[in-house]
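User: Hi! I would like to understand how some of the labels on this model were assigned. Could you walk me through the reasoning?
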Amino acid sequence: MTGNQTDQEPKHKRDLTRRKVVVAGAGAAVAVGVGGTLAASGAFADETTGTATATASSSSEACYKLTSETTEGPYYIDADKIRRDITEDKEGIPLTLTLKVIDSETCKPIRNAAVDIWHCDALGLYSGYESFSEGGGTAPTDAPSGTPTGEPPSGAPSGGTGGGGGHEEPTSDTRYLRGTWKTDKHGLVTFKTIFPGWYQGRCVHIHTKVHVSGEWTDAGYEGGNTCHTGQLFFSEESVLASAEVDPYSTSTTTRTTLTEDMIYDQSGTTGGLLKLKYNKKNIAKGVHASLTMGVDPDVTNDGT
């Protein structure tokens, strides 16, 4: 079940240490009910837990390496969708994303963390912000130059991985390609979505946040601190393959490559570069992506 975000004061005025996620609908409340039992949705019936666990657990990253912190970007919405399948009706290459969250000092998995992900659709549109992001499809000939906007938005400070980007208030009630889910005892969380598209000024990426030390209740997730704000990136090979598939192939937006991106720090998995598995001859069949994220649960990294 879905629903619109319940009203909140502006993001920049909220105390992140008292963050609250509101579940929209009784179905979602069942999925994250008291007791920690997570009900798998029908969309995941064809997935095997063993495959997802093996993919994320076999990561060779050294546990003491913290995953790079990045800017939150202008299009974050404090989560109101407790769900693993964030696709809604969006077309694109199926993507299964498995993330493992570990304490970078002890190497132990972090259970019961709330993990947010959000990203643009196949043509560069962010839900809630279509009027800002404009998309990368066939645009009117009189479209203003400089759109779709990258991150940070026009007029905001720019910079490296820790830099700039003011938060924009949502301009629509759409919430596709956004969701929050709970890590299991192995620190794992899996989302079903689509391979993101691109927009002016940025390479293909997914945003993520990790919240810890809060409490899961019938209402969702409350309290705690945001210990990680990062972005997840895709290899050039995979992006070039996706660009041959409809609707990505209809984009008229000039693409920024991974090496040209102003946010990715070029450090591989430490910087958020995903490990990908897909049919090299037919990426349209779907992609499995995974990454182990080393975080410090005792700090606050809100990306702002």
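User: Why is Ser213 called exposed?

Analyst: Happy to help; keep in mind that this is a predicted model. Ser213 has a relative accessible area of 62%, and exposed means over 50%, so Ser213 earns the label. You will find Ser213 in the loop between S6 and strand S7 (215-217). Its phi is positive, about 65°, although Ser213 is not a glycine.

User: What makes Glu88 partly exposed?

Analyst: The relative accessible area of Glu88 is 40%. Buried needs under 20% and exposed needs over 50%, so Glu88 belongs in between, as partly exposed. Glu88 sits in the loop between helix H2 (49-57) and strand S2 (94-103). Glu88 also has a positive phi, about 55°, without being a glycine.

User: How do you know that strand S3 is largely enclosed by the rest of the structure?

Analyst: In S3 (residues 114-118), 5 of the 5 residues are buried, so the strand is largely enclosed. Ala114, Asp116 and Trp118 are buried on one side, and Val115 and Ile117 are buried on the other.

User: Why are S3 and S4 said to pair?

Analyst: Pairing requires at least two bridges; S3 and strand S4 (residues 178-182) have 5, so they pair, in the antiparallel sense. One of the contacts is Ala114, whose bridge partner in S4 is Lys182.

User: And what makes S3 and S6 a pair?

Analyst: The reasoning is similar. With 5 bridges between S3 and strand S6 (residues 205-212) and at least two needed, they count as paired, therefore, and they run antiparallel. Here the bridge partner of Ile117 in S6 is Thr208.

How values were computed. Residues are numbered from 1 along each chain as its sequence is written. This is a predicted model: local features need pLDDT of at least 70, side-chain atom pairs count only at pLDDT 80 or more; totals for chains, interfaces and linings use all residues. Side-chain values use heavy atoms; hydrogens and water are left out. Buried means under 20% relative accessible area, exposed over 50%, partly exposed in between (1.4 Å probe, protein chains only). Helices (H or I, at least four residues) and strands (E, at least two) are DSSP runs, numbered from the N terminus.
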